[in-house]
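Please open the model in your viewer and keep the selection tool at hand for a short tour of some side chains.

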Amino acid sequence: PGRPAMPGPVPGKAPPPAPAGLPPAPKASRTSERAASWNDSSRPDRQPDPKLASQQPVAAVDEEPVRCHLHRKPQLGCKICRRVYYSALDPLAQKKDDRSKDKLMSDKSRGDGNDEDSARRRAVEAFEVTNKQTFNFNSMLRDQILKNTYFKTLMNIDTFEGVVDELYQYAETAEVYGAGTTTVPSTLFCCLFRLFTIGLSYDELSQLLDSRDWPYVRCCGFLYIRFGCAPEKLWDLLGDYTLDDQEFEPSKLQPGFALTCGEYVEALLMDERYYYTALPRIPVGVKKKIEEHLAPLPQYRRRTIANKKVLHSFQEVGAPIEACLKDGEWVPGTIVQLLDTYPTRIMVRVKLEDGREATTHLGKVILRDKNRARSRSRSPRRGRVGSPDWTRHRGKSQAEMVEELRAKQRERAVCSSGKEYPRRPMGFEAGLAVRREQGSAETQLIQEDTYASLERRQRRRPMRDEEEEPDRLDFRRSDEEQERQRRLMQIYEKYGQQASGASAGGSRGADVEGPDIMRLG
């Protein structure tokens, strides 16, 4: 009495074999066997105690032993094998796990009722990446990043803040590869891959997207969502940034070419390639829904520029306006507050006629006069048809703009211009012609290989003169010979005509036949 009971196997259930490397399950001692036999209900002189019978687990009939679904033979390195092994030793472990799961689900259900708590929990929650093995990078780019020297130095940085500091210091382009190469990944993509290996929360991701100091930090956040997020959630996370008007230069090879962050995000959602890299594929059904949201963006951007010129009109509380909701319907309402926390993405909080409040972008709101009456007067003050007043003009309907966008895409797919094709990779010889920054040591080496001193130049000049001297002599001899032949020709013309005339006369006399004369004596 007073001794604790020795752990033994569950009655009616065969103990699983011990994984390799773990001690075997403890066997029941002789004392416990005697106690079990003494409490056996089959003895006629002993009746079972009802309290002990209620505490003992009921043996399952023909129950198979629990095994790991991965291994037929238990393994030490498998956590499921270890869990099955220890649960067989302690039958109450499974009940403890079930109680912990029930408690977690109840806490989650209670937290769903409070929006602030759920938002705070989501900020701390890790951002879910669809592919945690490759992060949706193609194999060639992933291998190039892993072999890159700069990325190996980034592996020493284990914090989110450290990687962001690297972006602030060294990221100067939004391209995939560095300038003049197609094999060395850029600083932006090395830091992007490092952030995938670290993992980001929603709070850290919002810090990247809302950065005001360096636009390439925001590009890193946009690319993180485009590569890691599920296609169904792309518009929910990137839709608010399609009207951001912060400008930056995406490439150093095209100086002076500026692009807004909104246009950059729109290209990420519409295009299938990003410079030399293929983006993760978006299903056709999801892409059609995204096109419906992207179709009216040019019209919203023009209205944003016009509304910023009369921004004081939107700062008046209670000013009548019309707001375009998500379904493209214009609803009248009044202004509650102008939210200019982010100057590149100004928002307006409006109160609709039904009493609801909504927050929308400045480009989706038009002014509405208090005592506006329709008039058909043709006053010259009214704007021309080609340039409407975007502060009060609704523009085309969403259905018309969606149809125009899809018509442009069909036309581009049939007869696309040269600009639609990806840029041809730069070859080796063309890469040699690209100007690169050189250090002092590299410049010195190049001078030693290519620089010719003054002494070498002076030594080369006599050698060149000696080589050119025979050519000069031959040229002079040819001139003297030509002069000699010319003089002989003059002498021949002067004295050769008389001799030729005399010989010609004698030959004529010889040709005339005279009488034959015969002398006798």
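The stops below take in aromatic rings, a charge over a ring, and cysteines.

This is a predicted model, in which local features need pLDDT of at least 70 and side-chain atom pairs count only at pLDDT 80 or more, while totals for chains, interfaces and linings use all residues. Residues are numbered from 1 along each chain as its sequence is written, and side-chain values use heavy atoms, with hydrogens and water left out.

Begin with the aromatic rings: a search of the whole structure finds 20 aromatic pairs, where rings of Phe, Tyr and Trp (its six-membered ring) pair if their centres lie within 6.5 Å, and planes under 30 degrees apart count as stacked, over 60 as edge-to-face and the rest as tilted. Select Y274 and Y275, which form one such pair, edge-to-face, at 5.1 Å centre to centre and with 85° between the planes. Of these residues, Y274 is buried, at a relative accessible area of 6%, whereas Y275 is partly exposed at 30% (buried means under 20% relative accessible area, exposed over 50%, partly exposed in between, with a 1.4 Å probe and protein chains only).

Next, select Y342 together with R345, which lies over the face of the Y342 ring at 4.7 Å from the ring centre; a charge sits over a ring if NZ of Lys or CZ of Arg is within 6 Å of the ring centre and within 35 degrees of the ring normal.

Finally, select C191 and C220. The count of disulfides (pairs of cysteine sulfur atoms within 2.5 Å) comes to 0. The sulfur of C191 has its closest cysteine sulfur in C220, at 6.7 Å, too far for a bond. C191 is buried, with a relative accessible area of 0%, and C220 also counts as buried at 0%.
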